[in-house]
Amino acid sequence: MNSAPPPPRRRGSLLERAVERYGFQPGVGLRPVGQATAGPPVPDPVPAPARAPEPIDRERLAERGMLVPNGPVSALAEEFRLVKRQLLTAAREGEARPRSVLVCSAQPNEGKTFCAVNLALSLAAERDLEVLLVDADFAKPDVPDTLGLPTGPGLLDALADPTVDVESCVIPTDVPHLSVLPAGTRSDNDTELLASDRARALLDRLEQANPRRLMVFDSAPVLAASTAAALAEHVGQVLMVVRADRTSESDLREAVGLLDGCDTIQLLLNAVSLQPRGRRFGSYYEAEEEA
Ligand SMILES: Nc1ncnc2c1ncn2[C@@H]1O[C@H](COP(=O)(O)OP(=O)(O)OP(=O)(O)O)[C@@H](O)[C@H]1O
Ligand SMILES: [Mg+2]
């Protein structure tokens, strides 16, 4: 990171600026997603009875410095609006699974869950979207706790057992347009389950259940668990969180190399340690405003 050139003094999008700083061209040199193969038939699910929305713990979100639904407009909210617009543009242009986004990072503790939850909250404010936030960090499933939601059966249960209707695992919330799919019960072969044709069919079903649905996956660190790379095969976009004070360039390059199952990879700079004037996200804002 130390060898990275200084940030340019112009106002591009957060992602563009992150890409410039780290010298990556999203998509370049990355293999296109393979052709979808028809998986084994998954039985038609019995429609799940309507479930009462669970309340999101807004105080907890505020305590953690995260977006609060219907909260005041903040710098953080504006940053996630920028990120959201980039993703929605890419989703419109994407060919394979445009409506699914994997949020990952190279190493633990770089802000994946923070970014995935904030992004999902920001997206849920869109009028035309139904956001499904999927907890796909099976070793450290932090999404329900972050939002103050109960946990329960989830993605892994539906993958392991075709009689489990994945929609019945989806938790509606009291934030309009936001639902959560918990990680579910771990097994010894999570990665193999995720890489299976059944996973592809199940994610297809989730996506097709509602034409307005957009799925955001909070994943495990790419260099610490193989599940992130397996999931990248199934999504239209990857958002790679880069923590300005921590992620090394070699880790970043290695992680991007492992995500070659997805041809749209964008970088998101999460600058936790830079907090002058209360801004915690997007250090390039700081550089520009202080110049
Ligand atoms: N931009 C930010 N501003 C303030 N706090 C942040 C920011 N990004 C991350 N954090 C905090 O840093 C800690 C680690 O973040 P988070 O849990 O999102 O990381 P993670 O990559 O999901 O970690 P893990 O790999 O363990 O799942 C959390 O306490 C989170 O609230
Ligand atoms: Mg996490």
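# A tour from glycine 152 to the helices H3 and H9

Select glycine 152 to begin: setting aside residues within four places in sequence, its contacts are Cys169 and Pro182. The model on display is predicted. Glycine 152 sits in the loop between helix H5 (143-147) and H6. It is classed as partly exposed because 14 C-beta neighbours lie inside 10 Å. Adding leucine 181 to the selection shows a pair that is 29 residues apart along the chain, with 9.0 Å between the C-alpha atoms.

**Valine 143**

Next, move to valine 143, which belongs to helix H5. Is valine 143 buried or exposed? It counts as buried, having 26 C-beta neighbours inside 10 Å. Apart from neighbours within four places in sequence, the residues in contact with valine 143 are Thr113, Val117, Leu133, Asp135, Val180 and Asp218. Proline 182 is 39 residues away from valine 143 along the chain, yet the two C-alpha atoms are separated by 7.6 Å.

**Ligand 1 and helix H4**

Now display ligand 1 with its surroundings. The ligand is surrounded by 18 residues, of which the closest are Pro108, Gly111, Lys112, Thr113 and Phe114. Colouring this shell by class gives 7 charged, 6 polar and 5 nonpolar residues. Which element supplies the largest share of the shell? Helix H4 (residues 112-124) does, with 3 residues.

Select the whole of H4. Its 13 residues should span 18 Å at 1.5 Å a residue, and the end C-alpha atoms are indeed 18 Å apart. Since 13 of the 13 residues of H4 are buried, the helix is largely enclosed by the rest of the structure.

**The nonpolar core**

From H4, extend the view to the largest nonpolar core, which has 77 residues. Val103, Ala120, Leu133, Val216 and Met240 are the residues with the most contacts inside it. H4 gives the most to this core, contributing 9 residues. Centre on methionine 240: not counting residues up to four places away in sequence, it touches Cys104, Ser105, Ala255, Val256, Ile265, Gln266, Leu267 and Leu268.

Zoom out to the protein chain at this point. It has 12 helices and 7 strands, and 43% of its 291 residues are buried. Of the contacts between residues at least 6 apart in sequence, 79% join residues at least 24 apart.

**Helix H9**

Helix H9 (residues 197-208) is the next selection. It has 12 residues and reaches 16 Å from its first C-alpha to its last, close to the 16 Å expected at 1.5 Å a residue. Which residues of H9 are buried? They are Ala199, Leu202, Leu203 and Leu206. These residues cover an arc of only 95° around the axis, which puts them on the same side of H9. An α-helix has 3.6 residues a turn, so residues three or four places apart point the same way.

To see what this side meets, show the elements against which the buried residues of H9 pack. The strands are S1 (100-105), S2 (130-136) and S5 (213-219); the helices are H6 (155-160), H7 (166-169) and H8 (190-195).

**Helix H3**

Helix H3 (75-93) can be viewed in the same manner. H3 has 19 residues, and the distance from its first C-alpha to its last is 28 Å, close to the 27 Å expected at 1.5 Å a residue. Its buried residues are Leu76, Glu79, Phe80, Val83 and Leu87. Looking down the axis of H3, one finds them within an arc of 90°, so they line one face of the helix. Turn the helix to find the exposed residues Thr89, Arg92 and Glu93 on the face directed away from the buried side.

**Two residues with positive phi**

The last stops concern backbone geometry. Most residues other than glycine have a negative phi. Asparagine 70, although not a glycine, has a positive phi of about 60°. It lies in the loop between helix H2 (58-63) and H3. Asparagine 70 is exposed, as 9 other C-beta atoms lie within 10 Å.

Finally, select histidine 177, which likewise is not a glycine and has a positive phi of about 70°. Where is histidine 177 found? Its place is in the loop between strand S3 (171-172) and strand S4 (178-181). Histidine 177 is buried, with 21 other C-beta atoms within 10 Å.

Notes. Residues are numbered from 1 along each chain as its sequence is written. Chains are lettered from A and ligands numbered from 1 in the order in which they are written. This is a predicted model: local features need pLDDT of at least 70, side-chain atom pairs count only at pLDDT 80 or more; totals for chains, interfaces and linings use all residues. Helices (H or I, at least four residues) and strands (E, at least two) are DSSP runs, numbered from the N terminus. The expected span of a helix is 1.5 Å times one less than its number of residues. A residue is buried if 20 or more other C-beta atoms lie within 10 Å of its own, exposed if 12 or fewer, and partly exposed in between; C-beta atoms are placed from the backbone. The arc is that of the directions from the helix axis to the C-beta atoms. Two residues are in contact if their C-beta atoms, placed from the backbone, lie within 7 Å. A residue is near a molecule or strand if its C-beta atom, placed from the backbone, lies within 6 Å of it. Ala, Val, Leu, Ile, Met, Phe, Trp, Tyr, Cys and Pro count as nonpolar, Asp, Glu, Lys and Arg as charged, and the others, Gly among them, as polar. A nonpolar core is a set of buried Ala, Val, Leu, Ile, Met, Phe, Trp, Tyr and Cys residues joined through C-beta atoms within 7 Å.
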